[in-house]
Amino acid sequence: TVVYNVLIGCLGKHGRVDQALELLEDMNRKGIMPDCRTYNIIIDVLSSCGRYEQAYSFFGMMKRRNHTPDVVTYNTLLNGLKRLRRIEEAYDLFEEMLANQCIPDLTTFGTLTDALAKAGRMEDAVEISARLVKMGHSPNSYIYNALISGFCRSGQVDKGYELFQEMIECSCYPDTVTYTILVLGFSRRGHTNMAMEMLQEMVREGHTPSLSTYNVLIRSLSMAGQVEDAYTLFKEMIAKGFNPD
RNA sequence: ACCUUUAUAUUGCC
């Protein structure tokens with residue numbers, strides 16, 4: 001079963017979805033029982049390539065075959081719904097998960113928070129992340145980053161920046177993604193100077209800017225007409241061993 | 001510790 005799981009996941013990641021499904025058939029023919037992880041992998045592969053309905057049918061199949069969906073199963077489906085922006089169904093599935101005594105984890109809340117934030121429903125996003133605190137969890141960087149990113153997208157960089165400060169106070173330390181989100185947020189508002197400051201702070205705190213960070217900044221500097229600064233950054237990224245894309 | 005599955009940033013795909 002483990003070998004099949006690995007292969008199915010690997011084929012799926014490389015877009016060879018139908019071969020992955022064939023392997024599942026093959027397991028059935030040989031009497032090898034797919035386990036919960038097998039189903040989770042299949043569900044993820046299908047919903048990642050836009051075949052959510054088919055993914056959902058495997059959710060039904062696993063229940064019929066007496067495999068109890070676990071937290072990963074629900075999280076994977078929630079992520080599929082998130083991609084399709086089917087928020088209400090995501091809420092319903094979340095309720096179903098609770099009704100089935102499946103305990104949501106940080107990934108569950110991270111997925112839901114991001115779904116709401118991407119839909120521009122920042123109040124709901126904040127509300128769902130508050131629910132996680134009530135359950136005794138502390139928000140991690142995925143949660144904060146999803147919220148900060150949402151605020152930046154909706155033009156409220158200041159609120160994003162407040163959350164950034166809050167996360168430091170709560171000892172949930174910002175990571176490369178957090179800084180990149182804020183660099184992008186400030187750039188979009190034309191605050192190139194703040195964006196550059198975030199880059200410096202990120203380096204000061206010991207984080208290595210990623211390719212995305214550079215892409216964001218170089219684009220922003222170019223558009224602001226600061227071609228010299230953009231070029232300096234370009235040389236810096238080459239010096240650090242990045243291959244510009 | 002890592003060692004089969006899920007969530008956050010730029011571009012693209014849906």
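Biologist: Where does Gln101 lie?
Modeller: Gln101 sits in the loop between helix H6 (87–99) and helix H7 (106–118). Helices here are DSSP runs of H or I with at least four residues, numbered from the N terminus. This is a predicted model: local features need pLDDT of at least 70, side-chain atom pairs count only at pLDDT 80 or more, and totals for chains, interfaces and linings use all residues. Residues count from 1 along each chain as its sequence is written, chains are lettered from A and ligands numbered from 1 in the order written, and side-chain values use heavy atoms, without hydrogens or water.

Biologist: Is Gln101 buried or exposed?
Modeller: Exposed, because its relative accessibility is 66% (exposed is over 50%, buried under 20%, partly exposed in between, with a 1.4 Å probe and protein chains only).

Biologist: And what's its phi?
Modeller: Near 60°, so positive in a residue other than glycine. Most residues other than glycine have a negative phi. Ser171 also has a phi near 60°, and it lies in the loop between helix H10 (157–169) and helix H11 (176–188). Ser171 is partly exposed, at 47%.

Biologist: Switching to the RNA: which residues come nearest to strand B?
Modeller: Asn5, Asn75, Lys118, Tyr142 and Asn145, out of 32 residues around RNA strand B (near means a heavy atom within 4 Å).

Biologist: Which helix gives the largest share of that surface?
Modeller: H7, with six residues.

Biologist: What does Asn75 sit by?
Modeller: A polar side-chain atom of Asn75 is 2.8 Å from a base oxygen of RNA strand B. For Ser210, a polar side-chain atom is 3.3 Å from a base nitrogen of the strand.

Note on methods. Helices (H or I, at least four residues) and strands (E, at least two) are DSSP runs, numbered from the N terminus. A polar contact is a pair of N or O atoms within 3.5 Å; within protein, one must be able to donate a hydrogen and the other to accept it, and residues adjacent in sequence count only if both atoms are side-chain atoms.
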